[in-house]
Amino acid sequence: MKKERTMKLSLPEEELMSPGHLACQGCGATLAMRYVLKALGRKTVVCIPACCWAVIDGPFPQSSLSVPIFHCAFEAAASTAAGVKAGLEMVGDTETTVLAWAGDGGTFDIGLQALSGAAERNDDIMYVCYDNEAYMNTGIQRSSATPYGAWTTTTPVKHFKNRPKKDISGIMAAHRIPYIATASVAFPEDLFKKAQKAKNIRGTKFLHIFAPCPSGWKSRPEDTVKLARLAVQTAVFPLFEIEDGEKYTINIKLKDKKPINDYVRLQGRFRHLKEADIAHMQAEVDRKWEKLNKNCLS
Amino acid sequence: MKKVIMGNHALSYGAMLSRAQVIAAYPITPQTQVVELLSEMCASKTLDAKFIKVESEHSAMAASLGASLAGARTFTATSAQGLALMHELLHWASGGRLPVVMGNINRAMAPGWSIWTDQNDSLSQRDTGWIQFYCSSNQEVLDTVIQAFKVSEKLLIPSMVILDAFALSHTYEIVEIPEQKDVDAYLPPFNPPYRLTPSDPHAFFGLTGPEHYFELRYKLQKDMEKVPALIEETGREFERIFGRTLGLVDEYMCDDAKFLFITSGTAGYTARVAVDDLRREGVKAGNFRMKVFRPFPFDKVRGIAQKAKKVAVVDRNLSYGHHGIFYQEVKSALYGRDGMPPVFGYVTGLGGRDITPGDFKEIYRLASSKNTPDEEIGWIGVKR
């Protein structure tokens, strides 16, 4: 008799996100939610401000998540989550993880004040920013997470975004919160490990998850994971952790960093860029990568 | 136990005796003593609550809503600019049926910067779906906080307990502090039908299409309509336990009044002095102080107004391009009904200018000299 082969899963099998959600094809943000919930488990409450996920979850009275959700105001994910945590503790639930789940607009821009407040108080919440690098839910407008060079509907090709992406992990590190990590939907085990690690730390945890958006990036839906992987391999979006605002660790080390051209050329939002523009982007990526490596040494 | 306390501390004691479990607040003059005392109460464990020291009023209300949906009794307090900053989330509170109780100190809106009282801050929030109580003594402030929790939690509608800047917030009065056991008997623990809990997961406040939204708002209005009766019922229960009345309105010599002032806030107390003076002069005056503005106490206003020959509504607020706001609402409540008296409207005391008994007597003289009200606002005390 043939020996039965068993498949070993590197992530828990249980799905807390159902497939009947409303995301676009190839949405990176859905992968991010699926993996994070696998790490956090059922004892989780999610606060979702205005962002793609406010729609993806499904309309009232439906929900694609098996955990409770507070759909909250745009600029209020962190403060709402802080209130939920305090409320749960006062009614005797000290175990549940309270997760604020916001897009880049709700984090880098309109929600930054509330996030800074919660981080300074070190409220015991986990904050995830799934970053698709623009206001995608409203139809692709630039945010302060939009990278240099990108086309959006408010940065047309004749006047593409000419400022770099805001350094959100640097801002969060300045608050000296216990845990900050970047993660990518192309590296589920790394993402899972970080979410699980964060779950077991008291205080404010900040996860910045890179989540490609085919609709907004004008990329092919089947390239979502490829793009996320290339973003790591080119150091456009390196994977690292910052503990207590100071201790930097690079999780995916790069011996031979790929040129960003490989990453850029798969996306319609960068189609208008000339070689000089891409060289400018490359220089910026190199500079940031060098700085990150220096941070790891010190 | 009797204590001499300021109006702001009456709010703090009210929240403490109500056993608020979460407080999220941001300081603003003239509200600061409310949260200072509550911080001390939390630190000394006189009050078993979590105090979230947020970085803005917007976050104060956001955190309050989070805590309330988690099932905790939640209190906050603010004033003027802070209340305006919360505006978006005031809708969230009522639409979400989250019975947060908030103290608001009536302060005039900038610019120019003012810290003194008028009612435009809270009246600008008229249509946000909050119950609005306007108080005129420190005792009433304390008692109303306790009652507000009871009413709000029963109908799942948030409440604002409102008091005038300085005229009440910083004025010391003798206040009977109720016994905790009596308050516990009056106000049971908060136990909402739905809450954020992993053991019974729901998605709250998600995308709500034209299929459902209208009905949710219809239900909010239907429950708002139950508030007046519930305020009276819980007011009677309050009186049985504590010996003090709490109702929709405060009637002073209204039964046989031919000339009726309709007032609110501390001006509603000043009016009593004017009523006494006028009565001594042989004028059958009365004062009808509206304690609850939202929901509007239609029956009370109509019932009392129809007995008078003339009504003068005194507003410490103004809707630019219209009239005083209480005036508009009283007129609309009486419009089209037989046997209603003419209603005169006066605007006074904006930005904290004093309203004196003399001003009320001036209003009486002005209204007495005419049979019908002018189109023009009756300005009292303005330098023209």
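How many bridges join strand 11 of chain B to strand 14 of chain B? The legends below, which describe a predicted model, begin with the sheet that answers this.

**View 1. Six strands of chain B form an open sheet with mixed pairing.** The strand order is 10-12-11-14-15-16. Strand 10 (249-252) and strand 16 (378-380) of chain B each have a single partner strand, so one side of each edge strand is left without a neighbour in the sheet. From one strand to the next, the twist averages 25°. Within the sheet, strand 11 (residues 259-263) and strand 14 (residues 310-315) of chain B run parallel and are joined by four bridges. Across this pairing, Ile262(B) stands opposite Val313(B) of strand 14.

**View 2. Helix 11 of chain B lies across four strands.** The helix comprises residues 267-280 and lies across strand 10, strand 11, strand 12 (285-290) and strand 14 of chain B. Relative to strand 12 of chain B, helix 11 runs at about 170°.

**View 3. A second open sheet of chain B has seven strands.** Its order is 3-2-4-5-7-6-13, and the pairing is mixed. Strand 3 (50-53) and strand 13 (292-294) of chain B occupy the edges; each has a single partner strand, so one side of each is left without a neighbour in the sheet. Neighbouring strands are turned against each other by 20° on average, direction ignored. At one edge, strand 2 (residues 22-25) and strand 3 of chain B pair in the parallel sense over four bridges. In that pairing, Ile23(B) has Phe51(B) as its bridge partner in strand 3.

**View 4. Domain 1 (2-241) and domain 2 (249-380) of chain B meet at an internal interface.** The centres of the two domains, taken over C-alpha atoms, are separated by 28 Å. Contacts link 26 residues of domain 1 with 21 residues of domain 2. On the domain 1 side, helix 6 (120-123), strand 6 (131-134) and helix 10 (227-242) of chain B each supply at least two residues. The largest share of that side, four residues, comes from strand 6 of chain B. By class, the domain 1 side divides into 14 nonpolar, eight polar and four charged residues.

**View 5. Chain A and chain B are in contact through 41 and 38 residues, respectively.** The elements of chain A that give two or more residues to its side of the interface are strand 1 (44-48), helix 2 (52-56), strand 2 (69-71), helix 3 (77-90) and helix 5 (112-121). Helix 3 of chain A provides the largest share, eleven residues. The chain A side has 22 nonpolar, 13 polar and six charged residues. Strand pairing also crosses between the chains: strand 2 of chain A and strand 9 (residues 203-204) of chain B pair in the parallel sense over two bridges. Here Ala203(B) is the bridge partner of Ile69(A).

**View 6. The largest nonpolar core has 224 residues.** The members that touch the most others are Cys47(A), Val84(A), Ile209(A) and Leu260(B). Helix 1 (residues 28-40) of chain A contributes the largest share of the core, nine residues. From chain B, at least three residues are drawn from each of domain 1 and domain 2. Not counting residues up to four places away in sequence, Ile209(A) touches residues including Ala32(A), Val128(A), Tyr130(A), Ala183(A), Val185(A) and Leu191(A). In soluble globular proteins, nonpolar side chains tend to be buried together.

Terms used: Residues numbered from 1 in each chain as written. Chains lettered and ligands numbered in written order. Predicted model: local features only at pLDDT ≥ 70, side-chain atom pairs only at ≥ 80, totals over all residues. Core = buried A, V, L, I, M, F, W, Y, C linked by C-beta atoms within 7 Å. Buried ≥ 20, exposed ≤ 12 C-beta atoms within 10 Å, placed from the backbone. Domains from an automatic or database assignment. Contact = placed C-beta atoms within 7 Å. Nonpolar A, V, L, I, M, F, W, Y, C, P; charged D, E, K, R; others polar. Pairing = 2+ DSSP bridges. Axes fitted to C-alpha atoms, helices over the stretch in contact; angles between N-to-C directions.
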